[in-house]
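Please explain how this protein is put together, moving from its overall makeup to its helix packing and then to some individual residues.

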Amino acid sequence: MLRKESVKGHPDYILLIVIISLLLLGIIMVFTSSYIWAEYKYEDMFFFVKRQLLFASVGVIGMIIIMSIPYHFWIVYSKVILLACFFLLIIVLIPGIGMIRGGAQSWIGVGAFSIQPSEFVKLGLIMFLSMKLAKNKKQITSFRKGFLPLLLLIFAVFGLIMLQPDLGTGVVLVLTCMVLLFVGGARILHFMGIALIGIVAFILLILSAPYRISRITAFLNPWEDPLGDGFQIIQSLYALGPGGLMGTGLGNSLQKYFYLPEPQTDFIFAILGEELGFIGGGFVICLFAMFFWRGIKIALESPDHFGRYLALGIVSLVTIQTLINISVVIGLIPVTGITLPYLSYGGSSLTLTLCSSGILLNISKMTRH
């Protein structure tokens, strides 16, 4: 039972301001980073930003609607949602249905637009795991009855994503789920065993695909192949370097002139750093840190276990994806093909992130803030 004084009836306005700020900044950066490429490829400098505005509008409408739906609604339909996500992950692999972009068969075409099932399954799996952990909290300490069934489910989803293949999305999903299982009470010993198996499996996945090995070698020494596998990371660093403290000024990036491939997607933070400098990049990082803080606060103050796990899952998903994206851009880890939440160009990713934010904001209505 919820105590009346614990129900505020309004969302966390600080979190809402952070989300809208990131979204607006993302729209600006999508335009300034893409108009050269858009003019060249589509003869319309507003091509990408118009689509981003459409995606953002759909996402914001979805966020507002979902924000008004009590989050307990999702515990009832979590199984159905996950099954639907499984279905989408399977049909995207069927030739003629799944669309290939960047070497991955990860999209299903719908008219002039397309959806990416792997984005949907991230939220669907978080909902399902949150439901299972809330209902069977004691069973998670048992390897056979609690931990193993959920682990098999996670790796079944991971396996379908790897068939596309999309290692970056798979890693984000697995890491997010591991956070949920850990907080849900899984034993450290279980994680140690899985970590050893995971390391071996990860190495085998890298060795099984030559392009992944190339990404590793390019990460270790990108200047060894500056026009090949090391090209993206070198151009990303060339963007960040001239940015300095204040940046070259909004719209004044040089790297978007066909040096950094499709800079409006995975490497949008590099253009942001070039045009807005260390201050602009630091501001974005502070916004994400604020998102993490408010999200964790909402999770801790959630009135029940389901809300706690659901909020934690959403916050972990956004935070892990952000850390990976920025780490790639500044050269800390190999290129993974992960977008920056709220900022990067993309339909499914942006829309689902905003809808997830609506759930988080609804949970915040039930907390003290």
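What follows describes the overall makeup, then three helix pairs, then the core and a few residues of the loops.

The model is a predicted one, and its secondary structure comes to 12 helices and three strands. The protein has 369 residues, of which 51% count as buried. When contacts with a separation of 6 or more are considered, 73% of them are between residues 24 or more positions apart.

The helix pairs can be taken in order along the chain, beginning with α1 (13-42) and α2 (47-67). The axes of α1 and α2 are 6 Å apart, and the two helices pack at an angle of about 155°. Because that angle is over 145 degrees, α1 counts as roughly antiparallel to α2. The crossing of α1 past α2 is right-handed. On the α1 side the contact is made by L16, I19, I20, L23, I27, V30, F31, S34, W37, A38 and Y42, and these meet F47, F48, V49, Q52, L53, A56, V60 and M63 of α2. By class, the residues of this contact between α1 and α2 comprise 17 nonpolar and two polar ones, with no charged residue.

In the loop between α1 and α2 lies E43, a residue other than glycine whose phi is nonetheless positive, near 55°. Is E43 buried or exposed? With a relative accessibility of 69%, which lies over the 50% cut-off, E43 counts as exposed.

The second pair consists of helix α3 (residues 73-91) and helix α5 (residues 143-162), which pack at an angle of about 30° with their axes 9 Å apart. Here the angle is under 35 degrees, so α3 is roughly parallel to α5. The crossing of α3 and α5 is left-handed. Within this contact, L82, F86, L89 and I90 of α3 meet L153, A156, V157, L160 and I161 of α5. The contact of α3 with α5 is made up of nine nonpolar residues, with no polar and no charged ones. Beyond α5, in the loop that leads to α6 (167-183), P165 is found, and a cis peptide bond with omega of about -10° joins Q164 to P165.

The third pair is formed by helix α10 (residues 268-301) and helix α11 (residues 305-329), whose axes come within 10 Å and cross at roughly 160°. That value makes α10 roughly antiparallel to α11, and the crossing is left-handed. The α10 residues F269, A270, I285, F288, F291, F292, G295, I296, I298, A299 and L300 meet R308, A311, L312, V315, V318, T319, T322, N325, I326 and V329 in α11. In the contact of α10 with α11 there are 16 nonpolar, four polar and one charged residues.

The loop between α9 (231-243) and α10 holds G251. The C-alpha atoms of G251 and F31 are separated by 8.9 Å, although their positions lie 220 residues apart along the chain. With neighbours within four places in sequence left aside, G251 is in contact with T32, Y35, K256 and E275.

The largest nonpolar core has 98 residues, and those that touch the most other members are L125, I154, L173, L181, Y342, L343 and I359. The helix that gives the most to this core is α11, with 14 residues.

One of these core residues, Y342, lies in the loop between α11 and α12. Although Y342 is not a glycine, its phi is positive, at about 75°. What relative accessible area does Y342 have? The value is 2%, and since buried means under 20%, Y342 is buried. Not counting residues up to four places away in sequence, Y342 touches I19, L22, L23, G26, F288, F291, V318, L350, T353, L354 and S357.

T353, one of the residues that Y342 touches, has its place in helix α12 (residues 347-364). T353 is buried as well, with a relative accessible area of 11%. Its contacts, leaving aside neighbours within four places in sequence, are with V318, P341 and Y342. V318 is thus named among the contacts of T353 and of Y342, and V318 also belongs to the α11 side of the contact with α10.

Definitions and conventions
Residues are numbered from 1 along each chain as its sequence is written. This is a predicted model: local features need pLDDT of at least 70, side-chain atom pairs count only at pLDDT 80 or more; totals for chains, interfaces and linings use all residues. Side-chain values use heavy atoms; hydrogens and water are left out. Axes are lines fitted to C-alpha atoms, for helices over the stretch in contact, and angles run from 0 to 180 degrees between N-to-C directions. Helices (H or I, at least four residues) and strands (E, at least two) are DSSP runs, numbered from the N terminus. Angles under 35 degrees count as roughly parallel, over 145 as roughly antiparallel, 65 to 115 as roughly perpendicular and the rest as oblique. A crossing is left-handed if the near helix is turned anticlockwise from the far one by less than a right angle, and right-handed if clockwise. Contact means heavy atoms within 4.5 Å. Ala, Val, Leu, Ile, Met, Phe, Trp, Tyr, Cys and Pro count as nonpolar, Asp, Glu, Lys and Arg as charged, and the others, Gly among them, as polar. Buried means under 20% relative accessible area, exposed over 50%, partly exposed in between (1.4 Å probe, protein chains only). A nonpolar core is a set of buried Ala, Val, Leu, Ile, Met, Phe, Trp, Tyr and Cys residues joined through side-chain atoms within 4.5 Å.
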